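Me: Got a model open here and I'd like to talk it through. Can you take my questions as they come?

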Amino acid sequence: MRVGIFDLECTSLEAVGPGMLLCCVVKELDGETRILRYDDAHCKIGHERDLVRAVNNELKKYDMLVGFNHESFDLRWLLSRSLALDLDFDLSPFSYDLYRASNRLGFRTALNYKGHPKHSLAFVIDYFAIPQEKGSVYPRSWWNAVWLTGEKRKDALDAIVLHCVADVNLTEKLYKRILPLDKRATIRRWSV
């Protein structure tokens, strides 16, 4: 079974309006990493149709996709954006979502303001004492990646891509730690 760990970075949580795909990083389990970014696809701002198509085609290569909250966000965002761009969307891979797994396993991470454990990737990684590999990307970088030109735009997007690569690398490490613990693992086919 070919397993792909992936993450998307977008300008907004909405897949329409301000939402635009900036990059996707896909790593085969214990294998190579593929980076798809809008400037490499020669996309104009707001017209990332070729990039979305390329991401869909890349993800189809895997029998199972692993991510952190990818079932609720990444795949649904990609579905919505594909439909908004009038593209076919026929992904239905097997899926293992580490966000759901960490909730199911009930890890007692740092508590949020309501007294509940925080289940973001950073806090679950910290729980397992896996060294952090990523830094924060601040709002200005997101907008610089969209609105600036030339080297300044490229530099901003490079920072976002590095953040996404780190997320995927950390997700792979977390997958290797959580799956053996998850006796009620829900590896299922994802579909619309």
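Me: Let's start with the sheet. What's the strand order, and is the sheet open or closed?
Reply: Keep in mind that this is a predicted model. The sheet is open and has six strands, in the order S3-S2-S1-S4-S5-S6, with mixed pairing.

Me: Which strands stand at the edges?
Reply: Strand S3 (33–37) and strand S6 (188–189). Each has a single partner strand, so one side of each has no neighbour in the sheet.

Me: How does S6 pair with S5, and over how many bridges?
Reply: S5, residues 94–97, and S6 are antiparallel, with two bridges between them. As for a specific pair, serine 95 has arginine 188 in S6 as its bridge partner.

Me: And in the middle, how do S1 and S4 run?
Reply: S1 and S4 run parallel and are joined by three bridges. Isoleucine 5 is bridged to valine 66 in S4. On to the next pair: S4 and S5 are parallel too, with four bridges, and there glycine 67 has aspartate 97 in S5 as its bridge partner.

Me: Which way do the S4 residues point, and are they buried or exposed?
Reply: Met64 and Val66 point one way, Leu65 and Gly67 the other, and all are buried. In a regular strand, side chains alternate between the two faces of the sheet.

Me: What about S2 and S3?
Reply: S2 and S3 are antiparallel, with five bridges. Cysteine 24 sits opposite leucine 36 in S3. The two strands make a hairpin with four residues between them.

Me: What is phi for aspartate 30 in that turn?
Reply: Positive, about 60 degrees, and aspartate 30 isn't a glycine. For background, most residues other than glycine have a negative phi. Aspartate 30 lies in the loop between S2 and S3 and is exposed, with a relative accessible area of 56%.

Me: Which residue in the loop between H4 and H5 should I look at?
Reply: Alanine 129 is in that loop. Alanine 129 has a positive phi as well, near 60 degrees. At 64% relative accessibility, alanine 129 counts as exposed.

Me: Switching to helices. Which strands does H3 lie across?
Reply: H3, residues 98–105, lies across S4 (64–67), S5 and S6, and runs at about 50 degrees to S5. Then there's H6, which packs on the sheet and touches S1, S2 (21–28), S3, S4 and S5. The direction of H6 makes about 35 degrees with that of S2.

Me: OK, pockets. What's the volume of the largest one?
Reply: About 590 Å³. The largest pocket is lined by 26 residues, and the closest to its centre are Asp7, Leu8, Glu9, His163 and Asp167.

Me: Which elements give two or more residues to that lining?
Reply: Strand S1 (3–10), helix H2 (70–84), helix H4 (121–127) and helix H6 (150–178). S1 gives the most, with five residues.

Me: How does the lining of the largest pocket split by class?
Reply: Eleven nonpolar, ten polar and five charged residues.

Me: And how many cavities of 30 Å³ or more are there?
Reply: One. The largest cavity has a volume of about 30 Å³.

Me: Which residues line the largest cavity?
Reply: Glu71, Tyr96, Asp97, Arg100, Arg104, Thr186 and Arg188. S5 and H3 each supply at least two residues of that lining. By class, the lining has one nonpolar, one polar and five charged residues.

Me: Wait, have some of those come up already?
Reply: Two of them have. Asp97 of the cavity lining is the bridge partner of glycine 67, and Arg188, also in the lining, is the bridge partner of serine 95.

Me: Last one, where is valine 16 and what is in contact with it?
Reply: Valine 16 is in the loop between S1 and S2. Leaving aside neighbours within four places in sequence, valine 16 is in contact with Arg81 and Ala84. At 48% relative accessibility, valine 16 counts as partly exposed.

Me: How far is valine 16 from lysine 134 in space?
Reply: They're 28 Å apart, C-alpha to C-alpha, and 118 residues apart in sequence.

Definitions and conventions: Residues are numbered from 1 along each chain as its sequence is written. This is a predicted model: local features need pLDDT of at least 70, side-chain atom pairs count only at pLDDT 80 or more; totals for chains, interfaces and linings use all residues. Side-chain values use heavy atoms; hydrogens and water are left out. On a 1 Å grid over the protein atoms alone, a cavity is a set of points where a 1.4 Å probe fits but cannot get out, and a pocket is an open set with protein on both sides within 12 Å along at least five of seven lines; lining residues have an atom within 4 Å of a point. Grid points are joined across faces, edges and corners, and a volume is the space filled by probe spheres set on the points. Ala, Val, Leu, Ile, Met, Phe, Trp, Tyr, Cys and Pro count as nonpolar, Asp, Glu, Lys and Arg as charged, and the others, Gly among them, as polar. Two strands pair if DSSP finds at least two bridges between them. Contact means heavy atoms within 4.5 Å. Axes are lines fitted to C-alpha atoms, for helices over the stretch in contact, and angles run from 0 to 180 degrees between N-to-C directions. Buried means under 20% relative accessible area, exposed over 50%, partly exposed in between (1.4 Å probe, protein chains only).
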